[in-house]
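Open the model in your viewer and keep the selection box ready. We will move from one selection to the next.

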4 protein chains.
Amino acid sequence: MVNKVILVGNVGKDPEVRYFDNDQAVANFPLATTERGFKTRDGQEVPDRTEWHNIVAWRGLAKIAESYIKKGTQLYVEGRIRTRSYDDANGVKKYMTEIYADTINLLGRRNSGDNDQATRADQPMQHASLNQQSAAQNNLSNSSDQGSFNAGDSGPEDDLPF
Amino acid sequence: MVNKVILVGNVGKDPEVRYFDNDQAVANFPLATTERGFKTRDGQEVPDRTEWHNIVAWRGLAKIAESYIKKGTQLYVEGRIRTRSYDDANGVKKYMTEIYADTINLLGRRNSGDNDQATRADQPMQHASLNQQSAAQNNLSNSSDQGSFNAGDSGPEDDLPF
Amino acid sequence: MVNKVILVGNVGKDPEVRYFDNDQAVANFPLATTERGFKTRDGQEVPDRTEWHNIVAWRGLAKIAESYIKKGTQLYVEGRIRTRSYDDANGVKKYMTEIYADTINLLGRRNSGDNDQATRADQPMQHASLNQQSAAQNNLSNSSDQGSFNAGDSGPEDDLPF
Amino acid sequence: MVNKVILVGNVGKDPEVRYFDNDQAVANFPLATTERGFKTRDGQEVPDRTEWHNIVAWRGLAKIAESYIKKGTQLYVEGRIRTRSYDDANGVKKYMTEIYADTINLLGRRNSGDNDQATRADQPMQHASLNQQSAAQNNLSNSSDQGSFNAGDSGPEDDLPF
DNA sequence: TTTT
DNA sequence: TTTT
């Protein structure tokens, strides 16, 4: 009943964005979360461990991803886990686990400091929050996130292949 | 940019539901989460500690709360923190922290198993998930929650006092 | 930097628990989360969708899993995503995504099991919360969860294969 | 049974850190999360809304807060809600809701500081993750967070006033 | 393949 | 009292 993922990490590659006939879009990109290593009690070294998450962002979030997310960007991503199967080139069934993003926040765009907000024209998305949820469910939203870039503007949501 | 609360606990009293002229509704009820006590290293006893959360559910969630939530119900609540001020009977300014629910799940309605789902007519809400989000924000929703009772059916959301 | 998963769902099969020489244990079991289907605006039916999560619980949590979790049990699981690779019987590299549990809560008054017993003296674990975290990291814990069954009692944690 | 808060926001003032006889420390600071305003369907303007959270960080996290967190710092905070009562100067009982931090992550590439330096040798804490949990509960921890600054180094945890 |  |  609850399938929720919360990630804070860095984008590994520029998003790949595909557009569909019906004006829909989907973006895919990898996000790294690194778990710091440590020493065990008996002195063994456990190294850092990086987990790569396959992020999938539909519709409005896809377009935002295309515009504002790139290799190295630090993100907050809230979404859910989806495992899908596909047949590889040899007809072998493969499984892939992805994170379907519901909300994306751009982090750390050089805010900080007590001033330091100099030349920002190039950074219109600082701290922006992107919230995507399916109007198809007729949900209401009192999202806590900054909503300047939520997916609601992206047109019909009816015939999505998922 | 992110203000998220996740609670699993038990309802302390039947919800109080108020209706407004514009067909809006709001439900209020207390939810308890208990933190188990423990013994410190030097033998001190730290007792159990119960935290009471003031849950506020608007619109569709309010109506669902009225129908399905009562004293003792175990719930999953996802929402956000809101502190509001008000003047008490003596004109003294008071502050109250509440949890605005975005999603509510009824837990433990004897579901389980692939069997054991005998006499269920009386339990139409098993594992139901209630998802409320403001259509006013034109958000899309691909909610991961079971949506049979989301708030989207509750009519206009335009002139809410919050 | 943050890799957090929160699940509420039902256990699909009794846990498989393996013990190691050094008194360590690990439990594996599948957990289902079901996303309710809906109708799109243009009348298409999107069916329910069940996601199966491979839960991995180490040490104390494994032992608790063995004792209290079985097919049908409704659980709250908090953990993190781990994808690991292995070679299948044909020497083909495969990937598997698992959820490493950090906290497990048994949900429901009369949770779990195909038996679903009546009065509760025999069910000391109702609503229990299991919290597992590696002492190897010398962490402190002020866990918000009921801690009656946390993993701290399970002995040395030094030479774990992960 | 679950009382979890996840916040991403900006620190409003430099932390106040108090030390106790037993080498314990506690830090307090406000954290702002801003919910973006929006227009309702009928054209009403709902303004931005900033929620201020009172963050409380004990022990190791307190010391880290003192060193690395200041006004303006963007943080990820994971913790739990605690409401406590106290008598004000006039003997009137007051209530205050606080967030007890269990994990803190410094966000942003070039976070914190009024200087905002270029190359990073002087900023060993960038993206660091601070994890605090009570050893008094004998918990294990396989924290997903970068653990370079968890609270485990801070000495005896036995006689804490909470 | 990111980041520190 | 932060940030955009």
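Which residue does B:Lys94 form a salt bridge with? Select B:Lys94 and look for B:Asp88. The closest N and O atoms of this pair are 3.9 Å apart. Keep in mind that this is a predicted model. The cut-off for a salt bridge is 4 Å between nitrogen and carboxyl oxygen, so the pair at 3.9 Å counts. B:Lys94 is partly exposed, because its relative accessibility of 25% falls between the 20% and 50% limits.

**Stop 2: the hairpin in chain B**

Select residues 74–87 of chain B, strand β7, and residues 93–106, strand β8. The two strands are antiparallel and share 13 bridges. Pick B:Val77 in your viewer: B:Ile104 in β8(B) stands opposite. Now go to the turn. The hairpin has 5 residues between β7(B) and β8(B). Among the residues to click here is B:Gly91, which takes a positive phi near 75°.

**Stop 3: the other partner of β7**

Add residues 2–11 of chain B, strand β1. β1(B) also runs antiparallel to β7(B), with 6 bridges joining them. Zoom in on B:Asn10. B:Gln74 in β7(B) is the residue opposite.

**Stop 4: a loop-to-loop link in chain C**

Select C:Arg36 and C:Asp48. Their salt bridge has its closest N and O atoms 2.8 Å apart. The pair links distant parts of the chain, with the two positions 12 residues apart in numbering. C:Arg36 lies in the loop between β3 (25–35) and β4 (38–39) of chain C. C:Asp48 lies in the loop between β5 (45–46) and β6 (49–58) of chain C. Buried or exposed, or in between: where does C:Arg36 fall? At 26% relative accessibility, C:Arg36 is partly exposed. C:Asp48, at 42%, is partly exposed too.

**Stop 5: the pair in chain D**

Move to D:Asp48 and D:Arg36. Their side chains meet in a salt bridge, 2.8 Å from N to O. Here D:Asp48 sits in the loop between β5 (45–46) and β6 (49–58) of chain D, and D:Arg36 in the loop between β3 (25–35) and β4 (38–39). D:Asp48 is partly exposed at 43% relative accessible area. D:Arg36 is partly exposed at 29%.

**Stop 6: across two chains**

Finish with A:Lys4, A:Glu78, B:Lys4 and B:Glu78. Salt bridges link these four residues in a network. Then zoom out. The count over all chains comes to 40 salt bridges.

Note on methods. Residues numbered from 1 in each chain as written. Chains lettered and ligands numbered in written order. Predicted model: local features only at pLDDT ≥ 70, side-chain atom pairs only at ≥ 80, totals over all residues. Heavy atoms only, no water. Pairing = 2+ DSSP bridges. Helix = DSSP H or I, 4+ residues; strand = E, 2+ residues; numbered from the N terminus. Buried < 20%, exposed > 50% of the residue type's maximum accessible area, 1.4 Å probe, protein only.
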